[in-house]
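Biologist: Could you walk me through this model slowly? I'd like to begin with how helices pack and then jump around a bit.

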Amino acid sequence: MSTYTTAWKSPSNIALVKYWGKKPNDVQIPSNASISFTLNNCATTTTLTYEEQSTLEVKVLLEGKEEPSFVPKIEQFLKRIAHIFPFVTTGKYIIDTSNSFPHSSGIASSASGMSALSLCICDIALEKGLLEEADFLQTASELARLGSGSASRSVYGPLGVWGEHSDFAGSSDNFAIAYDNVAEVFKSYCDTILLVHKGQKTVSSTVGHGLIDDNPYATARFAQAQENMTAMKAILKSGDLDGFINLVESEALTLHSLMMSSNPYFILMKSETLKVIEAIWAKREKDGVKWCFTLDAGANVHFLYPQADKEAAQAFIETELKQYCENGAYIHDEVGMGAKRI
Ligand code: DP6
């Protein structure tokens, strides 16, 4: 093997119980466990061409255009995973990557991008005889975690669990595991991402994670997240939509309250974020619908609803929510089954 090409399509994911905070003095170890829906439509497709050589050379193409600004991050990632696969410190890597969602949509591509790249690297390791097929996904998830924590969960569907938790057998801080012990309704849940603000975030997730170390509420938050994982497990299994709404929205607002109580404090929500939340609450109050929201580390709103309500919920987006989206933009997505080799 001197030159080898492979390609993977890996989705984004949206956390229900959030990862916010890493253990100090460790590399990418979460302070609490987290669980997410794997998405289906928002994905990164990466083609990796690898050539054996004695030095390291990285070239990144984004949507077909050379993107030198990505190279330092990729090189740092390769160094970080070198204890697992020492071969990655040398070689020529041409990483041709494209996202199904617009670059400027404010949707983070680190989860889908890092998982797609990690899966490609595992293919090289497989080809070199350094990895067994049986360990493939777990190793890819571990590499992805070292690139971006939430990326560890994107490898599998319909849900992913990352972080050690006694109620989730096999769970680990080092990699995510697939999770499907859930009622049917959650295996096809819909998530429309309302793009209320497409610009760059003012504070990156990585910086935000770091700020939690000095947050006075950190210890209580980490304990609460572990308890919420236990509660979420029961809710997902029983299909309790009221319990789901309550816990998912609380997790989203808690995440943002942690940002507001950091030093320096910051706010990633925009006024339209709150308007969307209020519109969803008013609709629920008025019509008793089982629709709710969650947020990631940004201003966009993930609007969650059961597949059976798709038509009505999407009509509601058109008439009530779209007005708060930048240029009326949103992306319909739903729970998916994880990454695919292409
Ligand atoms: C709010 O995985 O993007 O989306 O590990 O530093 O790359 P790094 O951070 P990242 O953080 C994601 C935070 C979150 C919650 C979540 O996905 O669990």
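Biologist: Which residues of α2 meet which residues of α3?

Modeller: This is a predicted model, and in it the α2 side of the contact consists of Met114, Ser115, Ser118, Leu119, Ile121, Cys122, Asp123 and Leu126, while the α3 side consists of Phe136, Leu137, Thr139, Ala140, Leu143, Ala144 and Gly147. Sorted by class, the residues of this contact divide into 10 nonpolar, 4 polar and 1 charged.

Biologist: And how do people describe a pair like that?

Modeller: Two packed helices are described by the angle between their axes and by the distance between those axes. The axes of α2 and α3 come within 8 Å and cross at roughly 130 degrees, and that angle makes α2 oblique to α3, because it falls neither in the range of 65 to 115 degrees that counts as roughly perpendicular nor over 145, which counts as roughly antiparallel. The crossing of α2 with α3 is right-handed.

Biologist: What about α1 and α2, how do their axes cross?

Modeller: The axes of helix α1, residues 71–80, and helix α2, residues 110–127, come within 13 Å and cross at roughly 50 degrees, so α1 and α2 are oblique to each other. The crossing of α1 and α2 is right-handed. On the α1 side the contact is made by Lys73, Ile74, Phe77 and Leu78, and on the α2 side by Met114, Leu117, Ser118 and Ile121. By class, this contact has 6 nonpolar, 1 polar and 1 charged residues.

Biologist: Let's stay with Phe77 for a moment. Is it buried or exposed?

Modeller: Phe77, which sits in helix α1, counts as buried because its relative accessible area is 2%, under the 20% cut-off. Leaving aside neighbours within four places in sequence, Phe77 is in contact with Met114, Leu117, Ser118 and Ile121, and also with Leu143, Leu146 and Gly147. The C-alpha atoms of Phe77 and Ser148 are separated by 9.3 Å, although these two residues are 71 residues apart along the chain.

Biologist: New topic: where does Thr46 lie, and what does its side chain make a polar contact with?

Modeller: Thr46 lies in strand β2, which covers residues 34–51, and the side chain of Thr46 makes a polar contact with the side chain of Thr97 at 3.0 Å. Thr46 is buried, with a relative accessible area of 1%. Not counting residues up to four places away in sequence, Thr46 touches several others, among them Trp8, Ile95, Ala116 and Cys120.

Biologist: Anything unusual in the backbone?

Modeller: As background, most residues other than glycine have a negative phi, and most peptide bonds are trans. Here, however, the peptide bond from Gly157 to Pro158 is cis, with omega near -5 degrees, and Pro158 is found in the loop between α3 and β6. The peptide bond from Asn263 to Pro264 is cis as well, with omega near 5 degrees, and Pro264 is placed in the loop between α7 and α8.

Biologist: Which residues have a positive phi without being glycine?

Modeller: Asn25 has a positive phi of about 65 degrees, and Asn327 has a phi near 55 degrees. Asn25 is in the loop between β1 and β2, whereas Asn327 is in the loop between α9 and β11.

Biologist: And why do those two count as exposed?

Modeller: Exposed means over 50% relative accessible area, so Asn25 qualifies at 82%, and Asn327 qualifies at 70%.

Key. Residues numbered from 1 in each chain as written. Predicted model: local features only at pLDDT ≥ 70, side-chain atom pairs only at ≥ 80, totals over all residues. Heavy atoms only, no water. Helix = DSSP H or I, 4+ residues; strand = E, 2+ residues; numbered from the N terminus. Buried < 20%, exposed > 50% of the residue type's maximum accessible area, 1.4 Å probe, protein only. Polar contact = N/O pair within 3.5 Å; in protein donor to acceptor, adjacent residues only side chain to side chain. Contact = heavy atoms within 4.5 Å. Axes fitted to C-alpha atoms, helices over the stretch in contact; angles between N-to-C directions. Parallel < 35°, antiparallel > 145°, perpendicular 65-115°, else oblique. Left-handed = near helix turned anticlockwise from the far one by under 90°. Nonpolar A, V, L, I, M, F, W, Y, C, P; charged D, E, K, R; others polar.
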